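The following exercises concern one protein model with its sequence. Please work through each task before reading its solution.

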2 protein chains.
Amino acid sequence: MIITFEQEKSIIRALLQHIGANEQEANVTAEVLAEGDLRGFASHGLLRFPYILRALKRGTIVPNAKVRVVRETPATALIDGGHGLGHPVALRAMQLAIEKAKKQGIGAVGVYNSNHFGIAGYYAELAVREGLVGMMTTTTDALVHPWGGVEPMLGTNALAVGIPNDPPILLDMAMSVAARGKLVKAMKEGKSIPENWAIDAEGNPTTDPKKALKGALSPFGGVKGYGLALVLEVLAGPLVGAAAGKEVVGTLEPIQGFSTKGDFMIAIDPAAFGSVEDFKKRVQGFVAQLKSSRRAPGVKEILLPGEPEFQTREKRLREGIPIADEVWSELEQIAKELGVVLKELRE
Amino acid sequence: MIITFEQEKSIIRALLQHIGANEQEANVTAEVLAEGDLRGFASHGLLRFPYILRALKRGTIVPNAKVRVVRETPATALIDGGHGLGHPVALRAMQLAIEKAKKQGIGAVGVYNSNHFGIAGYYAELAVREGLVGMMTTTTDALVHPWGGVEPMLGTNALAVGIPNDPPILLDMAMSVAARGKLVKAMKEGKSIPENWAIDAEGNPTTDPKKALKGALSPFGGVKGYGLALVLEVLAGPLVGAAAGKEVVGTLEPIQGFSTKGDFMIAIDPAAFGSVEDFKKRVQGFVAQLKSSRRAPGVKEILLPGEPEFQTREKRLREGIPIADEVWSELEQIAKELGVVLKELRE
């Protein structure tokens, strides 16, 4: 199944509004999910939408959410997301961080009582479009084991950093070597996984995705990735009044109650630290150095963070977005339950 | 050779003042270098001191440096370090970030025209002692290859994050799998190195430290570590008016001219984002979860970032700091050139 960017957005918008989301919530959520698919982050695109619809139906994601700034300084703010759709809440938070950074040189905004917000890079890029550096992190349900431990106790805790450049430098990465979705895929396909991806329930490295799913994902880069995941969990957890470790729930799907996750984002104005022209030239010079590096055997081009995704984006804007049949079927099913014929939305 | 923490500090102080550093510069530099040794970061302790003395003698590190705040907002500042000793400059920068964070919730300070400042964790911990979250990063000479590239083009770019707790959570890590010093050590001892540490000049993984030293260090965690090293290099480089990539020089020893490195640090006040008591309890709860994790075979305790170093610190405060004979000899030699008898300083 191939759909266009516009089709994906209009399907998501229509279903969200049908279930009670307001226009702005529906627009932002549609935009971010479709951008996820456009860039090749399938797990953060339409695949995730049925979870969102079910949670809205169930009431564990609140449509028309009351999003409030509950604490504020000229450079910081804390936002209560009112258990609303994570995408518009995160958008509001980054917009506020940007506004503050433009006045104070830096702005930091924390979020609690929110939900999964799609691709973290989307929000870092909002800052980039305003000429700022954008950074953000967020917690997820515990999937990653601590170093030396065998239970999942840390989120995959995405970290996104955007740097103004053309195209932007856009780092967007999780703290696990591999996403949980890749283990599920390998299991369904009867394939084995690389030895460094995960451990089994006894703490031994395993190549069996079934055993790995009963164990825990391994942090990328060993003890260093563990340390990084841990401090990000504090920033997007305890610092902003959200949960940490095993107490983070509902980021894949809030089932029994509201999600307890949190977000933390920072925008930085290069103008506060020097001439913007000088900054841009220095970044360009650095990029030019990297691009001109001698390459390892078989490597065609040195890529910057975000570049592979921007390439996928261009291709899919032209050629459309491939949607897995099972994702489409699930969406058709849930649309039907809501009394909507999905096919008609596509047109 | 075993010396005490106090002995190490008094040796460093005396030699620095002998060569023209003022009292404050000498005290701070002695403190940070000796803390490096105390915590087991030998490469950031006395081992590095001869380089500093030679640079002071040569004039590429300036004693009695004029450190100026050249740009400032209520939440940010940019500091020109006047090519002074990196330690007191970084101290001043973090103190300023802390001061701003206490008023604005967050403070960010950039530094250029400075020098190597010892262990990054020292400065993150300054924020922690004030009840704040401290973060800092810095550039080094290019030692790490970009992903797909075979030339060293990125610094090892330390990242330190400190979280208030007892003991503090103190992440302090470099972007390479292993430090360059470990390759030099392996070469001297005729040993091989693990395959993931470095590549040779052709871009192939190598276990020969000699070949590795002609190639480049590998980023930790593969392409993710590359991405992280790259964005940190922009924060502590172009953002603060410092160099990036191959243009960063003089962090090991400024030989032909001044160092072109930069630093970037952030302090965050948890009080800006909620109740401090609540923050502390949430961090404690998270730590308790991690500590109680089921452990992998052979693991005695789940350690937090910084914990191994705090344990080494306690031990060395009691038992003294082991200093390699060659480090001591080199220091004796340079002290002699300066007309000082090192032995006498030790008493």
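**Exercise 1: A hairpin and its sheet in chain B**

Through three residues, a hairpin joins β2(B) to β3(B). The model is a predicted one, in which local features need pLDDT of at least 70 and side-chain atom pairs count only at pLDDT 80 or more, while totals for chains, interfaces and linings use all residues. Residues are numbered from 1 along each chain as its sequence is written, chains are lettered from A and ligands numbered from 1 in the order in which they are written, and side-chain values use heavy atoms, with hydrogens and water left out.

Task. Determine how many bridges join β2(B) to β3(B) and in which direction the strands run, then place β2 within the sheet of chain B.

Solution.
Step 1. Strands here are DSSP runs of E with at least two residues, helices are runs of H or I with at least four, and both are numbered from the N terminus. Two strands pair if DSSP finds at least two bridges between them.
Step 2. β2(B) and β3(B) run antiparallel and are joined by four bridges.
Step 3. Individual partners can be read off: B:Glu72 has B:Ala77 in β3(B) as its bridge partner, and B:Arg68 stands opposite B:Asp80 of β3(B).
Step 4. The open sheet of chain B has seven strands in the order β2-β3-β4-β10-β5-β6-β7, with mixed pairing. Its edge strands are β2 (68–72) and β7, each of which pairs on one side only. Neighbouring strands are turned by 15° against each other on average, direction ignored; the axes behind such angles are lines fitted to C-alpha atoms, for helices over the stretch in contact, and angles run from 0 to 180 degrees between N-to-C directions.

**Exercise 2: The sheet of chain A**

Task. State the strand order in chain A and find the bridge partner of A:Tyr112.

Solution.
Step 1. Chain A has an open sheet of seven strands, ordered β2-β3-β4-β10-β5-β6-β7, and the pairing is mixed.
Step 2. The edges are β2 (68–72) and β7 (169–173) of chain A, each pairing on one side only. From one strand to the next the twist averages 15°.
Step 3. Within this sheet, β4 (residues 106–112) and β10 (residues 262–268) of chain A run antiparallel and are joined by seven bridges. A:Tyr112 has A:Gly262 in β10(A) as its bridge partner.

**Exercise 3: The interface of chains A and B**

Task. Describe the contact between the two chains: how many residues does each contribute, how much area is buried, and which element of chain B gives the most?

Solution.
Step 1. With contact taken as heavy atoms within 4.5 Å, 84 residues from chain B and 84 residues from chain A take part.
Step 2. The buried area (the accessible area, with a 1.4 Å probe, that two parts lose on being put together, summed over both) is about 6400 Å², and carbon and sulfur atoms give 70% of it. On the side of chain B, B:Lys224, B:Phe273 and B:Phe286 lose the most area to chain A, together 12% of what that side buries.
Step 3. The rule finds zero salt bridges across the interface, a salt bridge being a side-chain nitrogen of Lys or Arg within 4 Å of a carboxyl oxygen of Asp or Glu. It does find 28 residue pairs in polar contact, both residues at pLDDT 80 or more. A polar contact is a pair of N or O atoms within 3.5 Å; within protein, one must be able to donate a hydrogen and the other to accept it, and residues adjacent in sequence count only if both atoms are side-chain atoms.
Step 4. Several elements of chain B each supply at least two residues to the side touching chain A, among them β3 (76–80), α8 (223–235) and α9 (276–291). The most comes from α8(B), with ten residues.
Step 5. α8(B) lies across β5 (133–138), β6 (159–163) and β7 of chain A, running at about 135° to β7(A).

**Exercise 4: A salt bridge within chain B**

Task. Which parts of chain B does the pair B:Glu125 and B:Arg39 tie together?

Solution.
Step 1. The structure holds 42 salt bridges over all chains. One of them links B:Glu125 with B:Arg39, the closest N and O atoms being 2.8 Å apart.
Step 2. B:Glu125 belongs to helix α5 (residues 120–129) and B:Arg39 to the loop between α2 (23–38) and α3 (49–58) of chain B, so the pair ties together parts that are 86 residues apart in sequence.

**Exercise 5: Backbone exceptions**

Task. Where do the cis peptide bond ending at A:Pro167 and the positive phi of A:Asn64 lie?

Solution.
Step 1. Most residues other than glycine have a negative phi, and most peptide bonds are trans.
Step 2. The bond from A:Asp166 to A:Pro167 is cis, with omega near -5°, and A:Pro167 is in the loop between β6 and β7 of chain A.
Step 3. A:Asn64 has a positive phi, near 55°, and is placed in the loop between α3 (49–58) and β2 of chain A.
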